Amino acid sequence: MDLQKWLDKGTELIIEYTPKLVAAIAIWIIGNFIIKQLVKGLKKLMATRSYDESLQKFLLNLINWVLKIVLIIVVLGTLGVETTSFAAIIAAAGLAIGLALQGSLGNFAGGVLIMLFKPFKIGDLIEAQGEVGVVKEIQIFTTKLTGLSNREIIIPNGSLSNGNIINFSTEGTRRVDLVFGVGYDSDIKKTKDVLMKVLKDHPKVLQSPEPTVNVMELADSSVNFAVRPWSTTDDYWTVYFDVTEQTKEALDAAGIEIPYPHSVEIQKEG
């Protein structure tokens, strides 16, 4: 009798909940398909209206999250879960989670601020939070950079939006700051001419703004020259290394003494 009773009860539950379960599964599948198509359509619309790439990804991620939450609520309602009670539970849980995840909420707010004020965009070379890299992706909570040695760097948006940001790509050009020392017996005018010729002859050194060579310091064992070529942001490291190498060769060819050991100060750049 007990077995029959349980079988009857199980049959009733199956009859009662199978349509709801099938409907919930169908709603979940169809809902996910609609969300994907909607996000895809919005992406095309933003692309045709020339939305900033970083803003596109941020908004699409946010819309996708919101729609998924709405879909989950609908599915639970279809299964017979009281959605008003569920909404109250979500609100209470949201408050508790919010208190526990203040950092994450700060990162979300930071992401919104980055989208609003746009201190950088995807593809920009920036320095922030002690890291240097090219902006790869701006997400809801974090920003991804590709470091100069091809490392992936992930920085929380909260600390990123509240800290100093150096954007090397905004102006499109950068100054390469180098210092070279020569012996005290070297002719200053001749040395300046040799250094300037290196800068004038390099194809990637910009002539506007004009490069400069000046005596910077009378050091203990050398007269130090500040060498300041300009380049595009993309050519920065090419100019940096080429000028360093070609300066050594040019000074040697001109018979200008380079003290050894040679102390060179180079302003740290990204």
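In this predicted model, asparagine 150 lies in the loop that links strand 3 (142–147) to strand 4 (152–156). The backbone is a little unusual here, as phi of asparagine 150 is near 70 degrees, a positive value in a residue other than glycine. Most residues other than glycine have a negative phi. Asparagine 150 counts as exposed because its relative accessible area is 65%, and the cut-off for that class is over 50%.

A second positive phi turns up at glutamine 129, about 55 degrees, again in a residue that is not a glycine. Glutamine 129 also sits in a loop, this time between strand 1 (125–128) and strand 2 (131–138). With a relative accessibility of 42%, glutamine 129 falls between the limits of 20% and 50%, so it is classed as partly exposed.

Another backbone feature is found at proline 209. The peptide bond leading from serine 208 to proline 209 is cis, with omega near 0 degrees. Most peptide bonds, by contrast, are trans. Proline 209 belongs to the loop between helix 6 and strand 8 (212–218).

Stepping back to the whole protein, the fold contains seven helices and ten strands. Of the 270 residues, 31% are buried. The accessible surface comes to about 16,600 Å², and carbon and sulfur atoms account for 61% of that area. When contacts between residues at least 6 apart in sequence are considered, 66% of them join residues at least 24 apart.

Strand 7 (residues 178–182) gives a good view of the covered part of the protein, as five of its five residues are buried. In a regular strand, side chains alternate between the two faces of the sheet. In strand 7, Leu178, Phe180 and Val182 point one way, while Val179 and Gly181 point the other way. Strand 7 runs antiparallel to strand 9 (residues 223–228), and five bridges join the two. Within this pairing, glycine 181 stands opposite asparagine 224 of strand 9.

Threonine 191, a residue of helix 6, has contacts that reach back to this region. Leaving aside neighbours within four places in sequence, threonine 191 touches Val182, Ser186, Phe225, Leu251 and Ile256. Of these, Val182 is one of the residues of strand 7. Threonine 191 is buried because its relative accessible area is 0%, under the 20% limit.

The surface offers a contrasting picture in helix 1 (residues 2–48), which supplies four residues, the largest share, of a nonpolar patch. The patch is formed by Leu21, Ile25, Trp28, Ile29 and Ile72, which together have about 470 Å² of accessible area. Leucine 21 is located in helix 1. At 46% relative accessible area, leucine 21 lies between 20% and 50%, so it counts as partly exposed.

Finally, confidence varies along the chain. The mean pLDDT is 83, and 79% of the residues score at least 70. Among the elements, helix 6 (residues 188–201) has the highest mean pLDDT, 96, and helix 3 (residues 83–100) the lowest, 61. Over residues 262–270 the pLDDT is below 50, although this stretch has 21 contacts in the model beyond near neighbours in sequence. Where pLDDT is low, the predicted coordinates should not be read in detail.

Definitions and conventions. Residues are numbered from 1 along each chain as its sequence is written. This is a predicted model: local features need pLDDT of at least 70, side-chain atom pairs count only at pLDDT 80 or more; totals for chains, interfaces and linings use all residues. Side-chain values use heavy atoms; hydrogens and water are left out. Patches are made of residues with over 30% relative accessible area and no salt bridge: like charges are joined within 9 Å, nonpolar side chains (Val, Leu, Ile, Met, Phe, Trp, Tyr) within 5 Å. Accessible areas come from the Shrake-Rupley method with a 1.4 Å probe; for residues, only the protein chains shown count as cover. A salt bridge is a side-chain nitrogen of Lys or Arg within 4 Å of a carboxyl oxygen of Asp or Glu. Buried means under 20% relative accessible area, exposed over 50%, partly exposed in between (1.4 Å probe, protein chains only). pLDDT is the predictor's confidence in each residue, from 0 to 100. Contact means heavy atoms within 4.5 Å. Two strands pair if DSSP finds at least two bridges between them.
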